[in-house]
Amino acid sequence: DPSRGTWSHSLITGFLLALAVVALFDNTAGVVVFFAWCLHVFTDRIGYAYAAIWFPFHRERVLGIRKIDTEGDMCNLAISVMAIMVIWVVIG
């Protein structure tokens, strides 16, 4: 997938998307979107996926540190639990 590790794995994209969500909804929704995006990038970085974290300012794609298989069942369960906890903390 050519987009894998470019705009879809950029913290800049997450920030811009969060700003759009704030404009459409409210600050809480924007914070949830930004943290969810960051969690997505973080989990791919500890796995095997490429990321260009500062895309479009810096386009170099860097391979993850290959510590976990982000497609595994336990990893996905842990990510889901962390995402629920982030949403709970932000909204609560």
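Me: Which residues does Arg66 touch, not counting residues up to four places away in sequence?
Reply: This is a predicted model. In it, Arg66 sits in the loop between β2 and α3. Leaving aside residues up to four places away in sequence, the residues Arg66 touches are Ile46, Gly47 and Tyr48.

Me: What separation do the C-alpha atoms of Arg66 and Gly47 have?
Reply: Gly47 is among the residues that Arg66 touches. Along the chain, Arg66 and Gly47 are 19 residues apart. Their C-alpha atoms are separated by 4.5 Å.

Me: Is Arg66 buried, partly exposed or exposed?
Reply: Buried means under 20% relative accessible area and exposed means over 50%, with partly exposed in between. The relative accessible area of Arg66 is 48%, so Arg66 counts as partly exposed.

Me: Is Ser8 buried or exposed?
Reply: Ser8 lies in the segment before α1. The cut-off for buried is under 20% relative accessible area. Ser8 has a relative accessible area of 13%, so Ser8 is buried.

Me: Which side chain does a polar contact join to that of Ser8?
Reply: Ser8 belongs to the segment before α1. The polar contact is 2.9 Å, and the side chain joined to that of Ser8 is the one of His9.

Me: In what order do the elements of the protein run from the N terminus on?
Reply: The protein has 3 helices and 2 strands. Starting at the N terminus, their order is α-α-β-β-α.

Me: How many Å does helix α2 reach from its first C-alpha to its last?
Reply: Helix α2 covers residues 27-45, which makes 19 residues. At 1.5 Å a residue, 27 Å is expected, and the reach of α2 is close to that. From first C-alpha to last, α2 reaches 27 Å.

Me: What covers the buried residues of α2?
Reply: The buried residues of α2 are Gly30, Val32, Trp37, Leu39, Val41, Thr43, Asp44 and Arg45. What covers them includes two helices and two strands: α1 (11-24), α3 (73-91), β1 (50-51) and β2 (62-63).

Me: What percentage of the residues of the protein count as buried?
Reply: The accessible surface of the protein comes to about 6200 Å², and 70% of that belongs to carbon and sulfur atoms. Along its principal axes, the C-alpha trace spans about 35 × 35 × 20 Å. Of the 92 residues, the portion that counts as buried is 30%.

Me: How many Å apart are the mean positions of the positive and negative charges?
Reply: The protein has 6 positive and 7 negative charges. The mean positions of these two groups are apart by 10 Å.

Note on methods:
Residues numbered from 1 in each chain as written. Predicted model: local features only at pLDDT ≥ 70, side-chain atom pairs only at ≥ 80, totals over all residues. Heavy atoms only, no water. Helix = DSSP H or I, 4+ residues; strand = E, 2+ residues; numbered from the N terminus. Expected span 1.5 Å × (residues − 1). Buried < 20%, exposed > 50% of the residue type's maximum accessible area, 1.4 Å probe, protein only. Contact = heavy atoms within 4.5 Å. Polar contact = N/O pair within 3.5 Å; in protein donor to acceptor, adjacent residues only side chain to side chain. Areas by Shrake-Rupley, 256 points an atom, 1.4 Å probe, with all protein chains shown as cover. Lys, Arg positive; Asp, Glu negative; His and termini not counted. Charge placed at Lys NZ, Arg CZ, Asp CG, Glu CD.
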